[in-house]
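Please open the model in a viewer and keep the sequence panel visible beside it. The tour below proceeds by selections, each followed by a description of what is found there.

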Number of protein chains: 2
Amino acid sequence: MATGRTHRPATRSRGIPEATVARLPLYLRALTALSERSVPTVSSEELAAAAGVNSAKLRKDFSYLGSYGTRGVGYDVEYLVYQISRELGLTQDWPVVIVGIGNLGAALANYGGFASRGFRVAALIDADPAMAGKPVAGMPVQHTDELEKIIEENGVSIGVIATPAGAAQQVSERLIAAGVTSILNFAPTVLQVPEGVDVRKVDLSIELQILAFHEQRKAGDAEAAAAALLPPAARRAAEAAANRKGPDGDVPAVMPA
Amino acid sequence: MATGRTHRPATRSRGIPEATVARLPLYLRALTALSERSVPTVSSEELAAAAGVNSAKLRKDFSYLGSYGTRGVGYDVEYLVYQISRELGLTQDWPVVIVGIGNLGAALANYGGFASRGFRVAALIDADPAMAGKPVAGMPVQHTDELEKIIEENGVSIGVIATPAGAAQQVSERLIAAGVTSILNFAPTVLQVPEGVDVRKVDLSIELQILAFHEQRKAGDAEAAAAALLPPAARRAAEAAANRKGPDGDVPAVMPA
DNA sequence: CCATCTTTGTGCACGCGTTCACAAAGACAT
DNA sequence: ATGTCTTTGTGAACGCGTGCACAAAGATGG
């Protein structure tokens, strides 16, 4: 997957382990799909398969919420949907602001996943005066000057940062000063935030690098294992590596982020 | 942060812990910034601060790569940049295909973070015939029919899925059949993949839900602290009642993803 | 060459998360 | 009622990751 957690100092929130919280949305999605198909109950085994986790883990996760299952039968889908939604705080409306309406910010504004599940885009904010007033996802972009006013008037507590890396820290500081206490950061920077503010980061570049590491390992293993018996993918990867550009192989092909 | 890992069965790759691998790109970014400012050496303390981690953790991470530091001095920035790049496999070129050129796919295609660090967008692929040939990020979109050919001709081993949820599983199967062994999945679905294929997922909706959980907890804590010390059961009942929106309070306010 | 000072590298202990395996609980049939 | 069968809920063991704290290593100055 593509993100890591930030600043969660092992503070188990209300007795529910952080790892469990991170999986609840996964369960919720699977349960919602079952609910749409009018499936009344589901066993831990089935649901675990749908969510891609171990069934024992799922049962233990649910046990933190309470005993909502029936032995010999399974879990009531509708009831569980409600319980998880409530636990995650999705029974209320969360106004969200998106700061930085470039390619990514615009894509986020158009993303359906925001609108569903209780998240409402309260405003789109950009520092470029030329963007002000332009409609994106059926909503006029507002200038950064309005940031504090928007947050206070709408009671926004969650902010999404989709600005360039250079602006992210400053934006986060303004968001926090205005009352935001949770930030989803798409900018490739480590945000420095005060105690009590939650930051989660989504970093495409980092995810790719992690994949590259494993990819390289696979290729290397395959190579070392046998020159013969190469699986097709590894063989092609090796070829691609051999096709490397330029004979000057000693300078790392790394560029600034 | 905004991602979770998938299907990493505690298989410590080449002796480097997965948690360390996930941090290497972070260090690399901080080091690259130092390198641009022509800083020759850096201590574990300084670098850890820049990367937002504990200095002991950083030193232990580096110790898995080898002993690249000098006691009393610190780490040589350029050398470390090279070593980490090599370890992550960034000294070679990784051709990548992006499947699903909607808002998000287009944003990804335009994202600078791909072009840098050895990742090269080899092709943009979409199932919509109307998209075929249209230029996105200076590159013509190709139709899904060409998927297998593109992957094989370019030796692509990393695929990015930015399609709607419904198409993701099928796309992943085609990618894998054609030789892709690492997938970065932006679609809100759990991909079912065979052994040996790495999947990382980026799920905006899940990240927001996790933030909402903590946000609710903060609000709840403040409330509970302010109000008289109600027993947990009573408090949860009160919350449930307060959280009901509208008069039709028995239907959970959750929508399909 | 020796003393001092800085900073690395790591042994160790602790806590979280995962998984196994099983007893308890309930449904269902007879 | 009673027995059987299914599935939950959880005790316990294990392994990974984290962070402390310190000894070893080297630089630097006299």
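**First stop: DNA strand C**

Select A:Arg71 together with DNA strand C: a polar side-chain atom of A:Arg71 lies 2.7 Å from a base nitrogen of that strand. Such a polar contact is a pair of N or O atoms within 3.5 Å; within protein, one must be able to donate a hydrogen and the other to accept it, and residues adjacent in sequence count only if both atoms are side-chain atoms.

Before proceeding, please note that this is a predicted model, in which local features need pLDDT of at least 70 and side-chain atom pairs count only at pLDDT 80 or more, while totals for chains, interfaces and linings use all residues. Residues are numbered from 1 along each chain as its sequence is written, chains are lettered from A and ligands numbered from 1 in the order in which they are written, and side-chain values use heavy atoms, with hydrogens and water left out.

Next, select B:Ser44, where a backbone N or O atom lies 2.5 Å from a phosphate oxygen of DNA strand C. Then move to B:Lys60: an N or O atom of its side chain is 3.1 Å from a base oxygen of DNA strand C.

Now display the whole surface near DNA strand C, where a residue is near if one of its heavy atoms lies within 4 Å of the strand. How many residues surround DNA strand C? There are 27, and the closest are A:Arg23, A:Arg71, B:Ser44, B:Arg59 and B:Tyr75. Seven of the residues of this surface are nonpolar, ten polar and ten charged. Here Ala, Val, Leu, Ile, Met, Phe, Trp, Tyr, Cys and Pro count as nonpolar, Asp, Glu, Lys and Arg as charged, and the others, Gly among them, as polar. On the DNA side, 62% of the atoms of strand C within 4 Å of the protein belong to sugar or phosphate, and the rest to bases.

Colour by secondary structure; helices (H or I, at least four residues) and strands (E, at least two) are DSSP runs, numbered from the N terminus. Helix 1 (18–36) and helix 3 (55–65) of chain A, with helix 3 (55–65), strand 3 and strand 4 of chain B, each supply at least two residues of the surface near DNA strand C. The largest share, four residues, comes from helix 3 of chain A.

**Second stop: DNA strand D**

Select A:Ser44, which has a backbone N or O atom 2.5 Å from a phosphate oxygen of DNA strand D. In A:Lys60, an N or O atom of the side chain is 3.0 Å from a base nitrogen of DNA strand D. From chain B, a polar side-chain atom of B:Arg59 lies 3.3 Å from a base nitrogen of DNA strand D.

The elements giving two or more residues to the surface near DNA strand D are helix 3, strand 3 (69–70) and strand 4 (74–76) of chain A, together with helix 1 (18–36) and helix 3 of chain B. Which element gives the most to this surface? Helix 3 of chain B does, with four residues. In total, 26 residues surround DNA strand D, and the residues of this surface divide into seven nonpolar, nine polar and ten charged.

**Third stop: the sheet of chain B**

Select strands 2, 3 and 4 of chain B, which form an open antiparallel sheet in the order 2-4-3. Two strands pair if DSSP finds at least two bridges between them. The edge strands, each pairing on one side only, are strand 2 (41–42) and strand 3 (69–70). Strand 3 and strand 4 (residues 74–76) of chain B pair over two bridges, and B:Thr70 has B:Gly74 as its bridge partner.

**Last stop: strand 10 of chain A**

Select residues 182–185 of chain A: A:Ser182 and A:Leu184 point one way, A:Ile183 and A:Asn185 the other, and all are buried (under 20% relative accessible area, 1.4 Å probe, protein chains only). Strand 9 (residues 158–161) of chain A runs parallel to strand 10 and is joined to it by four bridges; A:Ile161 is the bridge partner of A:Asn185. On the other pairing, four bridges join strand 10 to the parallel strand 11 (residues 198–202) of chain A, where A:Leu184 stands opposite A:Arg200.

Notes: Buried means under 20% relative accessible area, exposed over 50%, partly exposed in between (1.4 Å probe, protein chains only).
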